[in-house]
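Me: Hi! I've just pulled up a structure and would like to walk through it with you. Can you take my questions as they come?

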Amino acid sequence: MRSPLRAAPVRRALGTRPRRIVAGAVAAVLVAAVAVWATRSDEAGFRTESALVTVRSGPAGDEPVDLDTTFYLPDGASAGRKVPAVLLAHGFGGTKESVRADAEDLAAQGYAVLAWTARGFGRSGGQIHLDSPDHEVRDGERLLDWLAARPEVRTDAPGDPRVGVVGGSYGGGLALLLAAQDQRVDAIVPMITWNDLSRAFLPESTGKDATSGVFKKGWAGIFFGGGGNAGSGPAGLSGTSAAEPEGAPASAGPPSPAPGSGPGTGSGRTPAGAADPACGRFAADVCAAYLRIATTGRAEQADVELLRRSSPAPVLDKIKAPTLLVQGEADSLFPIAEADANARGIAANGTPVRVAWYTGGHDGGAGPRNDSDRVKYLTVQWLDHYVKGEGSAPGDDFTYSRIAGFDALDRGLVATGFRTADYPGLAGDGRREVAVTGPAQPVANPPNGNPAAISSVPFAGALGSLLDGVAGDVPGQHARFESQPLAEAVDVAGSPTVSIRAASPTGEAVLFVKLYDVDPEGAATLPNGLVAPVRLTGLPAQIGAATPVTVTLPAIVRRVEAGHRLRITVATTDQAYTTPAEPTVYTVAAGDGPLVLPTVAGEPIPTTAVVWRWVLAGLLAAIAVGLVAVVLLARRRHRRQDSSVHPEYAGVPLAVRQLRKEYADGFVAVSNVDFEVHPGQVVGLLGPNGAGKTTTLRVLMGLTQPTAGEIYVFGRKLVPGSPVLSRIGSLVEGPGFLPHLSGLDNLKAYWRATGRPWADAHFDEALEIAGLGDSVHRRTRKYSHGMRQRLAIAQAMLGLPELLVLDEPTDGLDPPQIAEMRRVLQRYATDGRAVLVSSHLLAEVEQTCTHAVVVNKGRIVASGPVEDIVGESPSVLLDVTDPAAARDVLGRLDGVTVLPDSDGNLVVDTNGTARSEVVAELVRAGIGVDRVVPRRRLEDAFLALVGENSRGSGDR
Amino acid sequence: MTQSSSTVGAAAGYRPSATLPFAAEFRRQASRRRTQLALGFMVLLPLIILIAFQFDSGEDDRNGGGEFASLSDLATSGGLNFTLFALLVSASFLLVVVVALFCGDTVASEASWGSLRYLLAVPVPRARLLAVKLVVALAYSGLALLLLAGTALLAGTLRYGWEPLSSQVSAQLDPGEGLLRLLAVLGYLAVVLLAVAGLAFLLSVVTDAALGAVGGAVLLWILSSILDQITALGGIRAFLPTHYANAWLGLLSTPVQTDDVVRGCISAIAYATLFWSLAFWRFTRKDITS
């Protein structure tokens, strides 16, 4: 996408050489990958329209109310290309903004999404009637009309849009009630919602009616506060927590409500409820019911009727739209039992129902990432099939998940998903019975329920119920019954049941039954902070007379490890519930039956981890294949390498042919060097600093690639790493030793690296040449320059190579050592070996070598046997008293020529004439001769080039 | 001596595949003071920690550094837990430095001593030189890891006993099972450190300064760690070599969380392969100028 634009300058900047292009291409691919990744996330794919829609509802359908709506229309949707729609409802206390992330996700899936703020919230008008069929549900019907009127929305019949209803909590309740009331709804996905509102707020776990229920004051207060406070709500509720669970189930990542999304913060709010500070925006009947229940902690039949009017329970038989029920395990408000009741009621009519549990909920939020991803996937799959008409039928298998632990990377929770073919309900498809025992225990009910045990803190977040600091029972107010340590782990999924007996002087008791998982250290965990409140009546005063009652505990999904104990705790108080105000002392004892744990044999849902495992295997396989390919290629190239012997140079230790080395910056270090080293020769490579001597030797040692030209060693072409290099011993650019090893150890380490037989090394000879004495056992770090130099020469001579290449060997040696070195080198070159010595010192070459090659500025200036070069030159330098007269005299001599010279001395080419004769001739002419200095050819050549340009030749 | 032995015209007894044997390179490195110091410190560290725990005053101030902070509270509950603690404190930095030292120093130090050119003039084929150096460096890195864990396990078991492995994220594990988990943790740490090894080795080939290679690798690793802390980078962080560095903690939970471990392995192996490929590609072509 963006990559071509970016890659071009990148490549240009990197240069044009092939390997740079490869590097540039790699960089371009990386940049492209990042660019694609970066752009992928911000593609819009839809447009939005916000409007206040006025609908007429109420019992008679004639009460106008303004609803604040946002319509998300996918790109490309039009009258000609109609799209299915989704009605997206928010949770209690939220607004249409709470579900924006979900709406955008669904719009990206190709749905026209209508999100609206329910009446009584945000900028919408009207009052809160708690999803009343005459109000909120009727509003929903009118919104279906509105959708059907949109030209972009697909319709099944005129006025009947193709639509699914999705919502969590308050919105989920609306989805169920709307589907029951209006058959135009094609599919619903109610999440974390209720079946019977009266039972949700007034639960009773021995199966009694809501009129006997224990009031869930914690949650009720939060909701009444959140909806009723029409002004700016309490900070803890309006901004973050109240909106959290509603939008949470289907949204990815942590819920982060937009500012101002809390209830009652909108500016265009109709001030309908503002007049009543007690009720806020609640409708009068709802408000009155709440006030009655909250005051007494008990519900009258009329109040229960009111709550049941807002419940799907009585109308489930009317729901014909396929239903995906998503319920949270960490939900002390609408526990899993609510979804279970809905699933049974809807499935009874033959309507397709699918159930999924996830580890979040009103307490747990969106749950871990993989869990919310599963919910999202199930939702889209459900809508795609039943609304859009794409994809195969989702089936009715049941998926659930369990907290597996903490994520090592982001410290969040990790859930493992499971699936099983049939929905087992709350009783599981198997059961484990565990005996819990303990004596009968007196427990006190404190006046006004204070202090109270803490089981869950509404909105405390995912960790709330798991941190040992939160769950706590008050001493004296609870009884414990414990099992033996479990012999093997048990995977609980469903509602455990337990039997208890209780006695009360008043004949009545409100108790809270909890199931703890106790680890071997004694740390007890209350799964998800869920408790079973019971209201027992007709109790005897003495425990001996009590009859057992069976308590159905809240459904949990948990693995109880082997070695853990299960503990039933029966407490008299719980901060989340209203308890009798009168102080009493009850007696609690274990019942007649064991603790029954439902189990489900689910198989783990394959996650992306499986894919990654294959990726890992593929990566390893690719690396293995790549490695084999590279090795094979290298072998093949190696075999094809020219290993033939050049017949002309077969017996020549070294032949350098037209060598040229040009560095990357264009500097030519060696422009044309051409020479040979024959057996028995000691060849001197002579030149000033920077002439190209070292570069030539580097190429010779395979350290540097020549730009052009060849080097033959015994007739074999030399490339870096040529095996024939093993016949060359070298000292290039000074010694290189491991400073922490002694001289001897260095030589040994070097020889070990050659892999050649130990006996071939000839250590004794080498050490003799080095002449280090006992210092050979000292570390080379402490060596002087000369000692290192001698050791390096000894290392070069290890194995007595047929060609010895020494770069400035006398560097750092004192005169006796230099003399000794000369003898060594001359001796070395006997019996067929050869030596190549580089030096910038004329005298050294002259005294050591049999042959010399003079280089300057990368070219050969002179070469040949040293006696030829060093032998006496026909020229002579004369220092005379009268140079002018001398010129005349010499000019008359046959064949003698005077070479031009600048400083008064005469340089004379005698051209065969004896020097004595020339001097005699001058003396005869009366010219005084102060000095006669014979000149030599090598000096001529050397001085000529050095004198000409001893500066600026650069360091080569 | 003067006759050539093989068809390639090499000196008698010379075989390219026999040059720079593993043992020779192993000895070369073993003789170095930094190798001895690094390995010695691996032995010393658990003992120092052990002694430090003896000063424990018994005050239990929970600093609430997440569930995994409990590993330090539990460190004295047994030899396995002590070993885990030793790994926890050294995984994020100390082991990185040690691995970078072994892998980053190996070629660059030879270059700075000038001995690299003599090895190449032996001649040790360049690919072989690099391969042997890499294998030896990895062997020393693995040895360091094993020494640390082994000493900690030995010292911890002698001091605190052979107790089950406990952590707050899972049920107690039998010592046998715990030992398996510990080995898995070690294996994963070794794999993650391959990325460091790759980076350091590449730098070692590119530069002649040993300090530059080691320091550069450690610095880049720290940079990656810092970037990984910036959540604003979002999904890009998953491409950072350090992103999955702590995934080994997932191996302690029950059931074992392998998702991030697998992804971490992919990340580390991919990075290591990339870096090593670049190192070989560069070294087999470059002019040795040191």
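Reply: Happy to! One note before we begin: this is a predicted model. A handy place to start is B:L47, which sits in helix α2 of chain B, residues 33–54.

Me: Is B:L47 buried, exposed or something in between?

Reply: B:L47 counts as partly exposed, because its relative accessibility is 31% and the partly exposed class runs between 20% and 50%.

Me: Which residues make up the nonpolar surface patch there, and what is its area?

Reply: B:F41, B:V43, B:L44, B:L47 and B:I48 make the nonpolar patch, which covers about 360 Å² of surface.

Me: Zooming out, how many helices and strands does chain B have?

Reply: Chain B has ten helices and two strands. Along the sequence they come in the order α-α-α-α-α-α-α-β-β-α-α-α.

Me: And what share of chain B is buried?

Reply: Of the 290 residues in chain B, 54% are buried. Two cysteines can serve as examples: B:C103 is buried because its relative accessible area is 0%, and B:C265 also counts as buried, at 13% relative accessibility.

Me: Since you mention cysteines, how many disulfides are there over all chains?

Reply: The count over all chains is one disulfide. The partners are A:C279 and A:C287, with 1.8 Å between their sulfur atoms.

Me: What's the handedness of the link between A:C279 and A:C287?

Reply: The link is left-handed, with -80° about the S-S bond.

Me: Are those two cysteines buried or exposed?

Reply: Both A:C279 and A:C287 are buried.

Me: Switching to charges. How many salt bridges does the structure hold?

Reply: There are 47 salt bridges over all chains. One of them pairs A:R119 with A:D139, where the closest N and O atoms are 2.8 Å apart.

Me: Why does that pair tie together separate parts of the chain?

Reply: A:R119 is in the loop between β4 (112–116) and α4 (136–149) of chain A, while A:D139 is in helix α4 of chain A, so the bridge links parts that are 20 residues apart in sequence.

Me: Are A:R119 and A:D139 buried or exposed?

Reply: A:R119 counts as buried because its relative accessibility is 4%. A:D139 is buried too, with a relative accessible area of 1%.

Me: Got another salt bridge for me?

Reply: Sure! A:R162 bridges to A:D156, with 2.8 Å between the closest N and O atoms. A:D156 is partly exposed, since its relative accessible area is 35%.

Me: What does A:D879 form a salt bridge with?

Reply: A:D879 pairs with A:R931, the closest N and O atoms being 3.8 Å apart. A:D879 lies in strand β37 (residues 872–880) and A:R931 in strand β40 (residues 929–936), both of chain A, so this bridge ties together parts that are 52 residues apart in sequence. A:R931 is partly exposed, with a relative accessible area of 43%.

Me: Which residues do salt bridges with shared partners join into one network?

Reply: That network consists of A:R142, A:D145, A:D182 and A:R184.

Me: And which residues form the positive surface patch?

Reply: The positive patch is formed by A:R635, A:R636, A:R637, A:R639, A:R640 and B:R285, so residues of chain A and chain B both take part.

Me: Where does A:R637 lie?

Reply: A:R637 is in helix α14 of chain A, residues 608–640. A:R637 counts as exposed because its relative accessibility is 58%, and the exposed class starts over 50%.

Me: Last topic: pairs that are separated along the chain. How far apart are the C-alpha atoms of A:A655 and A:E710?

Reply: The C-alpha atoms of A:A655 and A:E710 are 8.2 Å apart, with their positions 55 residues apart along the chain. A:A655 belongs to strand β27 of chain A, residues 654–662, and is buried, with a relative accessible area of 0%.

Me: What about A:L530 and A:V513?

Reply: A:L530 and A:V513 are 17 residues apart in sequence, and their C-alpha atoms are 9.3 Å apart in space. A:L530 is in the loop between β19 (524–525) and β20 (532–537) of chain A, and A:L530 counts as buried because its relative accessibility is 8%.

Notes: Residues numbered from 1 in each chain as written. Chains lettered and ligands numbered in written order. Predicted model: local features only at pLDDT ≥ 70, side-chain atom pairs only at ≥ 80, totals over all residues. Heavy atoms only, no water. Patch = residues over 30% accessible without salt bridge, like charges linked within 9 Å, V, L, I, M, F, W, Y side chains within 5 Å. Areas by Shrake-Rupley, 256 points an atom, 1.4 Å probe, with all protein chains shown as cover. Salt bridge = Lys/Arg side-chain N within 4 Å of Asp/Glu carboxyl O. Lys, Arg positive; Asp, Glu negative; His and termini not counted. Charge placed at Lys NZ, Arg CZ, Asp CG, Glu CD. Helix = DSSP H or I, 4+ residues; strand = E, 2+ residues; numbered from the N terminus. Buried < 20%, exposed > 50% of the residue type's maximum accessible area, 1.4 Å probe, protein only. Disulfide = S-S within 2.5 Å.
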